[in-house]
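Colleague: I am new to this structure and would like a close look at one part, the empty space in its interior. Please give one connected account, and then say what lies along the chain segments that come up.

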Amino acid sequence: MEVFMNSKVRKYLTVITLGLAGGSIYFLPYVKYIFYDAQLAAMHMSNTQSGLLLTMYTVGNMILYIPGGIIADKVSPKKALIISLLSTSALAFLYAFTMDFKIAMFIWMGLSFSTAFVFWSALMKAVRIIGTEEEQGFMYGLYYACNGITAALTNTLALNIYKTAGGDMELGFFRAVLAGGSVAIAAAILLFFLMQGSDKEKTVDDGEPKFRMGDVGKLLKNPVVWIVSFTIFCGYGFYTSISYFNPYLTEVRGISPESSGFISIVRNYLLLLLAPVGGIIADKVFKSTCKWLSTAFIILAALFGAVLILPSGISPMAASLYTLIPGAFAMMMYGVVFSTVSEAGIPRVMTGTVIGIASIIGYLPDSIYSVLFGKWLDSFGGSGYNFIFGFLAVSGLVGSALAMLIHRLGKKAKLGEVS
């Protein structure tokens, strides 16, 4: 049994299962990415209310990221992950049988505790524990690849279950939520048998710098930290906003919700397999993460701006395929956006604290964009997408400038010109 515990097969199976955990646990918080129209129909709510659900979730995440990271260092990652997965499934079942907006607001706050509080830090810690220090890059790359694949499979399962309702959007969405929410249970069961016990886990981080409150004050006074944070904000803004191509294709281009959902699975999840490609481009072609990000931001600004001038007579299929292009670049950029922390010249001992601060700011688009975009759609209908894509094009130009600023400040820091 011990030989199997230490085998490569078990190690890789565990990483794949962690990918299943990460790919399935976020099904419900971001369910509108695939079932936007169906969720509105099932709950009889507006676009603005849809945005408020994600706002509730994001606010909870921002409050819980740092304390959750501290707790994750003190508990067994295995227990933290299993409890989080099972709790998320329970919330999914509660949601499926209520479909009430007021109750959903509390459920989305609960999802902050089950998916962001301890889960995110425990998940990243678990990936590190599985591999040696020499294979960390490969392990994280394998995790993100598995995450994208399993997220696509989870949503494909839910979409196929949705179709069994024969066009009844409310019944179909109810079934889809039950199906998608059940996958996290399977991930929890697999982790129970595959992950090693807490004895080994507790010794892995011995000797490493721990979170120190004193570091926060120092970093908050460092302008580079803020520039990095808002660069991540712009990058994550693109990553999360490609989901708006889903309702855009149904409302403006006239494709069916089922076809749009399928395209969304490819665009939002399978294209995540391109994340390692972005890393290769940054390392081998540009020799700099910031230079690649600056270029990618400009490309994305042009691609989103081009949506505004797509011919009105373009076929729905051509419009659908076009949306995969900005989706691909968004994924290649998103996969390396946190690498700006190292290029900014920030000391290694403070990396964890910086990522905590940057995560709070960087994930704000879930809150701000959702409400803002929802308001535009409620006020202007299909024309609201012109405001959305135009806004994103401008944010790409801002992100490009910020990335280049990080590059320049990082070079100065290496020369000792920035403390």
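Modeller: A cavity here is a set of grid points where a 1.4 Å probe fits but cannot get out, and a residue belongs to the lining if it has an atom within 4 Å of such a point. Rolling a probe the size of a water molecule over the atoms shows where empty space is left. The model is predicted, and this rule gives five cavities of 30 Å³ or more in it.

The largest cavity has a volume of about 520 Å³. Its lining is made up of 28 residues, and those nearest the centre are Tyr26, Tyr30, Tyr236, Tyr239 and Tyr334. Sorted by class, this lining holds 19 nonpolar residues, eight polar ones and one that is charged. Several helices take part, with H2 (8–25), H4 (47–72), H6 (101–117), H8 (136–163), H12 (223–241) and H17 (316–334) each giving at least two residues. The most comes from H8, with five residues.

Next is the second largest cavity, with a volume of about 90 Å³. It is lined by Ile34, Phe35, Tyr36, Asp37, Ala38, Leu159, Tyr162, Asn246, Pro247, Pro257 and Gly261. Two or more of these residues come from each of H3 (32–43), H8, H13 (245–251) and H14 (257–268). The largest share is that of H3, which gives five residues. By class, the lining of the second largest cavity has eight nonpolar residues, two polar ones and one charged one.

Helix H8 thus has a part in the lining of the largest cavity and in that of the second largest. H8 also contains Ile149. With a relative accessibility of 36%, Ile149 is partly exposed, because that value falls between the limits of 20% for buried and 50% for exposed. Together with Leu153, Leu270 and Leu273, Ile149 makes a nonpolar surface patch of about 320 Å².

Past H8 comes the loop between H8 and H9, where Ala165 is found. Its relative accessible area is 14%, so Ala165 counts as buried. Ala165 and Ala176 are eleven residues apart along the chain, and their C-alpha atoms are separated by 9.7 Å. Helix H9 covers residues 169–194 and includes Leu178. Leu178 has a relative accessible area of 22% and is therefore partly exposed. From C-alpha to C-alpha, Leu178 is 8.6 Å from Ser89, although the two are 89 residues apart in sequence.

Two other loops adjoin helices named above. Most residues other than glycine have a negative phi. His44, in the loop between H3 and H4, has a positive phi of about 55 degrees although it is not a glycine. His44 is exposed, because its relative accessibility is 62%. Met99 sits in the loop between H5 (77–96) and H6, and its phi is positive too, near 50 degrees. Unlike His44, which is exposed, Met99 is buried, because its relative accessibility is 15%.

How values were computed. Residues are numbered from 1 along each chain as its sequence is written. This is a predicted model: local features need pLDDT of at least 70, side-chain atom pairs count only at pLDDT 80 or more; totals for chains, interfaces and linings use all residues. Side-chain values use heavy atoms; hydrogens and water are left out. On a 1 Å grid over the protein atoms alone, a cavity is a set of points where a 1.4 Å probe fits but cannot get out, and a pocket is an open set with protein on both sides within 12 Å along at least five of seven lines; lining residues have an atom within 4 Å of a point. Grid points are joined across faces, edges and corners, and a volume is the space filled by probe spheres set on the points. Helices (H or I, at least four residues) and strands (E, at least two) are DSSP runs, numbered from the N terminus. Ala, Val, Leu, Ile, Met, Phe, Trp, Tyr, Cys and Pro count as nonpolar, Asp, Glu, Lys and Arg as charged, and the others, Gly among them, as polar. Patches are made of residues with over 30% relative accessible area and no salt bridge: like charges are joined within 9 Å, nonpolar side chains (Val, Leu, Ile, Met, Phe, Trp, Tyr) within 5 Å. Accessible areas come from the Shrake-Rupley method with a 1.4 Å probe; for residues, only the protein chains shown count as cover. A salt bridge is a side-chain nitrogen of Lys or Arg within 4 Å of a carboxyl oxygen of Asp or Glu. Buried means under 20% relative accessible area, exposed over 50%, partly exposed in between (1.4 Å probe, protein chains only).
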